[in-house]
Amino acid sequence: MAITPFTTHHGMVDILPEDAVKWQFIEQIIRKTARKFHFSEIRTPVMEQTGLIARGVGELTDIVSKEMFAFNRGEDQYVLRPEGTAPVARAFVEHRLDQRGGVQKLFYIGPMFRAERPQKGRQRQFHQFGAELLGSAMPVADAEIIAFMIDIYNQIGIKNITLKVNSVGDPESRKAYKEALTAYFTPYKNKLSEISQVRLKTNPMRILDSKESEDQMLIENAPLISAYLTDESRAHFEQVLRYLDDLGIGYEVTPRLVRGLDYYTKTAFELVSPDLGSQDALGGGGRYDLLIEEIGGPATAAVGFASGIERLIIACDALGIDLGSAPGLDVYIVTRGEPAINWAISKLPELRNAGLSASMDFAGRSIKAQMKEANRESARYAIIVGDTELETGNFTLRDMAKSEENSLPFDQILKKIGQFTR
Ligand code: HAM
């Protein structure tokens with residue numbers, strides 16, 4: 001019986017070589033920017049203890065209640081990480097990074113997993129780059145994190161973006177605000193969507209995030225958090241905005257911006273792009289001053305951001321931004337017969353050691369087919385080797401672009417093309 005070929009899981013995507021080149025380009029910009037901002041890379045496992053994510057991200061969030069890829073093995077509960085902040089916070093506590101003195105400035109790039117309904121810009125395995133600045137309660141840290149994020153988009157050339165910022169306050173501000181929202185929405189309870197009715201009981205601030213049409217009118221007239229911020233939260237927010245002004249970073253204060261993760265305190269932000277359709281968030285983040293204590297660590301104020309790489313690529317495609325293509329090959333050795341193959345396999349290392357990319361035929365093809373392949377691989381040069389060349393010690397060097405041929409000994413070929421690297 002024929003086997004039905006296997007495919008990837010729904011919402012999990014192969015990145016083929018022509019696309020991997022774009023990813024490398026983006027990753028290179030992220031690393032370069034991290035170096036400029038002096039953030040160090042951290043790599044955490046893709047699996048964490050389910051309890052960490054449930055506690056860190058919040059039991060009532062969509063991520064934890066509906067979207068976790070979680071399973072048990074023996075006594076242990078594993079979850080594929082849905083985001084990077086709780087894992088970084090866990091590593092910070094586990095390795096006592098607070099004792100290294102000063103603040104910790106960390107960045108990461110890697111796959112995240114959420115069992116969401118896949119659509120354009122929304123996958124079940126997706127990739128984030130992000131940064132976390134741990135150990136600072138100062139508003140200048142919030143501005144630095146936002147500047148880091150924006151710098152990457154600027155370098156890639158994505159201009160059409162809006163930074164939305166808000167303060168979700170400290171626990172005291174939020175308690176007062178939640179009471180105000182409950183008092184406001186309760187008389188309209190039956191008019192709210194089903195999901196918002198549930199949220200009215202569990203976390204009324206999440207109603208503000210609703211996309212349901214029946215909720216929109218009510219949300220529009222709901223009280224704003226700005227009226228409930230404590231003096232300290234308000235002063236912090238105003239200072240962050242002043243720093244953004246100083247940095248020349250444009251923003252929109254968006255009083256109804258609430259984020260889908262429970263750990264935020266004070267500053268919350270999102271970077272949106274009109275080129276993304278319904279999944280319009282390129283990235284987001286904020287301050288999470290209580291998370292590290294929440295997961296058993298020392299009281300540590302922190303702020304960070306994360307952005308989706310797939311969405312960044314979608315935005316680039318929409319804007320016609322070229323993220324590069326695979327570099328062509330420098331040299332292709334065309335072989336005729338077994339002695340020529342022997343010669344080629346011994347010369348490839350010399351070409352490669354000279355810094356050239358070099359390849360040959362691995363499929364036993366005719367000379368014509370090998371030349372075709374050299375063209376397909378955009379080879380700059382072909383070296384053609386057969387019995388005659390081996391006898392005379394002169395090999396045909398073909399400049400593929402100019403269609404020029406020279407007959408030269410190998411050391412002269414190496415000298416001639418060794419100066420040329422892409
Ligand atoms: P988040 O808003 O959940 O925040 O995710 C950040 C970004 O990841 C989103 O803006 C989006 O670009 C991308 N993303 C999220 N889910 C998907 C998906 N299913 N498919 C494709 N892309 C997706 C966080 O994860 C926080 N950890 C950010 C943070 C860091 N806060 C403080 N530090």
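**Salt bridges and a helix crossing**

At 55% relative accessibility, K175 counts as exposed, the cut-off for that class being over 50%. This lysine offers a convenient way into the structure, which is a predicted model. K175 pairs with E179 in a salt bridge whose closest N and O atoms are 3.6 Å apart. Both residues belong to helix 6 (residues 171-185), where four residues, or about one turn of the helix, separate them. E179 has a relative accessible area of 48% and is therefore classed as partly exposed, since exposed residues must be over 50%.

The pair in helix 6 is part of a wider set, for the model contains 22 salt bridges. Another of these joins the side chains of K22 and D317, with an N to O distance of 3.8 Å. Here the partners come from distant parts of the chain: K22 sits in helix 1 (residues 17-37) and D317 in helix 11 (residues 309-319), 295 residues apart. D317 is partly exposed, at 47% relative accessibility.

A further salt bridge connects D62 with R199, and their closest N and O atoms lie 3.3 Å apart. D62 is found in helix 3 (residues 62-66) and R199 in helix 7 (residues 194-202), so this pair ties together parts of the chain that are 137 residues apart in sequence. With a relative accessible area of 11%, R199 is buried, because that class covers values under 20%. The D62 and R199 pair also belongs to a network of salt bridges that links D62, K66, R199, R206 and D209.

Helix 1, already met as the home of K22, also takes part in a helix crossing. Its axis and that of helix 5 (residues 139-156) come within 10 Å and cross at roughly 140°. The two helices are therefore oblique to each other, as an angle has to be over 145 degrees to count as roughly antiparallel. The crossing of helix 1 and helix 5 is right-handed. On the side of helix 1, the contact is made by I26, I29, I30, K32, T33, A34, K36 and F37. Helix 5 contributes E144, A147, F148, D151, I152, Q155 and I156. By residue type, the contact of helix 1 with helix 5 divides into nine nonpolar, two polar and four charged residues.

Methods:
Residues numbered from 1 in each chain as written. Predicted model: local features only at pLDDT ≥ 70, side-chain atom pairs only at ≥ 80, totals over all residues. Heavy atoms only, no water. Salt bridge = Lys/Arg side-chain N within 4 Å of Asp/Glu carboxyl O. Buried < 20%, exposed > 50% of the residue type's maximum accessible area, 1.4 Å probe, protein only. Axes fitted to C-alpha atoms, helices over the stretch in contact; angles between N-to-C directions. Parallel < 35°, antiparallel > 145°, perpendicular 65-115°, else oblique. Left-handed = near helix turned anticlockwise from the far one by under 90°. Contact = heavy atoms within 4.5 Å. Nonpolar A, V, L, I, M, F, W, Y, C, P; charged D, E, K, R; others polar.
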